[in-house]
Amino acid sequence: MAAVHRPGTPTTAAPDEVHTAARAVEPLVSPVNSHNEWDPLEEIVVGRLDGATIPSGHPVVTCNIPPWAARLQGLAAGRGYPRAMIERARQELDQFVALLQSLGITVRRPDAVEHRRRFGTPDWSSRGFCNTCPRDSMLVIGDEIIETPMAWPCRYFETHSYRTILKDYFRRGARWTAAPKPQLTDELFDADFRVPAPGEPPRHILTEFEPVFDAADFVRAGRDLFVTRSNVTNRMGIDWLRRHLGPGYRIHEIDSRCRTPMHIDTTLMPLAPGKLLVNPEYIDVDRLPEALSSWDVLPAPEPDPIDERLLKVTSMCGKWLSMNVLMIDDKRVIAERHHTGMLRALERWGFEPIPCDLLHYAPFGGSFHCATLDIRRRGTLESYVD
């Protein structure tokens with residue numbers, strides 16, 4: 001006869017049930033752990049060029065490029081990039097991935113996506129762009145990955161191409177958060193925006209209608225993050241992240257003299273504890289936050305000129321991509337082979353530069369820092385500022 005359990009009578013679980021329950025409460029060790037830009041790198045996500053599509057002619061996209069380039073982009077929006085451009089960039093990207101793997105770093109890649117497919121919300125529709133720059137759409141803070149609320153409509157669903165990776169990290173113990181999806185209606189964008197003339201106060205195309213930000217407008221130094229307000233990041237976005245992270249973190253705003261600001265990693269980059277690479281054209285060193293007063297400020301050398309006409313015409317990133325380096329640890333740094341001035345400067349400052357080619361990736365959004373998202377660095381959460 002089967003045993004009958006009466007209310008109030010203690011029961012004893014079978015050994016197999018006890019073991020199953022014990023396994024269920026065992027803490028997971030998150031595969032995601034990155035607190036700054038320089039701890040020893042162990043795992044990274046690298047973008048992909050498949051299906052890359054010329055972005056839309058929306059004002060928030062074209063406000064950062066000259067008017068003649070904006071007109072050309074409007075005509076070509078929604079078309080695939082020329083095969084020759086993609087193949088040259090892909091060759092360099094494959095070599096970069098091989099270099100990372102040769103250094104013992106695990107490399108993950110997003111799913112391939114056809115970005116020419118149209119999508120929309122109740123308020124607007126768009127085609128996509130590409131998933132070449134995971135640094136923009138996701139922010140890693142410790143064991144948490146935050147999907148960011150980006151301001152470009154063509155990038156609205158960009159993190160979907162990373163969902164295979166994100167779900168894997170989540171199952172293994174990472175925290176996974178998505179900031180509120182923005183509406184991206186006309187109220188978010190200043191209809192009267194124009195690029196300020198030299199000497200005029202900064203202006204931004206974004207209003208404070210709702211929180212938006214790109215992760216690439218932030219860099220991390222343990223408990224302190226540094227951010228530039230830009231044409232893709234507004235004050236509400238900064239405030240959202242500040243409240244989300246809570247009192248354990250401090251977010252410092254950096255004043256930039258760039259007339260078309262977008263992403264901090266060609267303006268200011270922490271390279272190691274106490275060492276800060278700055279863009280002398282965009283940064284007034286005397287106006288850096290007090291928290292950085294004890295750091296060595298390293299002014300980036302003038303970038304080497306690029307003679308290739310196609311790159312001049314198609315790059316959205318400006319000339320200062322020479323600063324867009326990737327720290328392997330607090331000494332070794334991957335930097336663009338073309339920019340010999342930067343390579344020599346890094347050596348003078350005590351770093352060990354590893355030259356690599358990624359010049360033809362610029363039309364798709366950036367260089368080494370843009371093209372990657374560091375997932376795991378060997379280190380703990382610390383404070384590095386006064």
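Author: A cavity is a set of grid points where a 1.4 Å probe fits but cannot get out, and its lining residues have an atom within 4 Å of a point. Keep in mind that this is a predicted model.

Reader: Okay, so which residues line the second largest cavity here?

Author: Going along the chain, you meet Ser137, then Thr148, Pro149 and Met150, then the run Arg155, Tyr156, Phe157, Glu158 and Thr159, and finally Lys181 and Pro182. By class, that lining splits into five nonpolar, three polar and three charged residues. The space inside comes to about 60 Å³.

Reader: How many cavities of 30 Å³ or more does the structure hold?

Author: Three. The largest cavity has about 80 Å³ of space. Its lining takes in 13 residues, with Glu37, Arg135, Leu139, Phe218 and Arg220 nearest the centre.

Reader: Which strands supply at least two residues each to that largest cavity's lining?

Author: Strand 5 (138-141), strand 8 (218-221) and strand 17 (372-377). Eight of the lining residues of the largest cavity are nonpolar, one is polar and four are charged.

Reader: And what about pockets? What lines the second largest pocket?

Author: A pocket, unlike a cavity, is an open set of points. The second largest pocket has 26 lining residues, and Pro202, Asp255, Ser256, Arg257 and Cys258 lie nearest its centre. Its lining has 12 nonpolar, four polar and 10 charged residues, around a space of about 460 Å³.

Reader: Last one: why does tryptophan 68 count as partly exposed?

Author: Partly exposed runs between the 20% and 50% cut-offs. Tryptophan 68 counts as partly exposed because its relative accessibility is 43%. You'll find tryptophan 68 in helix 3 (residues 67-76), and Trp68 joins Leu72 and Leu75 in a nonpolar surface patch of about 350 Å².

Technical notes. Residues numbered from 1 in each chain as written. Predicted model: local features only at pLDDT ≥ 70, side-chain atom pairs only at ≥ 80, totals over all residues. Heavy atoms only, no water. 1 Å grid on protein atoms, 1.4 Å probe; cavity = no way out; pocket = protein on both sides within 12 Å on 5 of 7 lines; lining within 4 Å. Points joined across faces, edges and corners; volume = space filled by probe spheres on them. Nonpolar A, V, L, I, M, F, W, Y, C, P; charged D, E, K, R; others polar. Patch = residues over 30% accessible without salt bridge, like charges linked within 9 Å, V, L, I, M, F, W, Y side chains within 5 Å. Areas by Shrake-Rupley, 256 points an atom, 1.4 Å probe, with all protein chains shown as cover. Salt bridge = Lys/Arg side-chain N within 4 Å of Asp/Glu carboxyl O. Helix = DSSP H or I, 4+ residues; strand = E, 2+ residues; numbered from the N terminus. Buried < 20%, exposed > 50% of the residue type's maximum accessible area, 1.4 Å probe, protein only.
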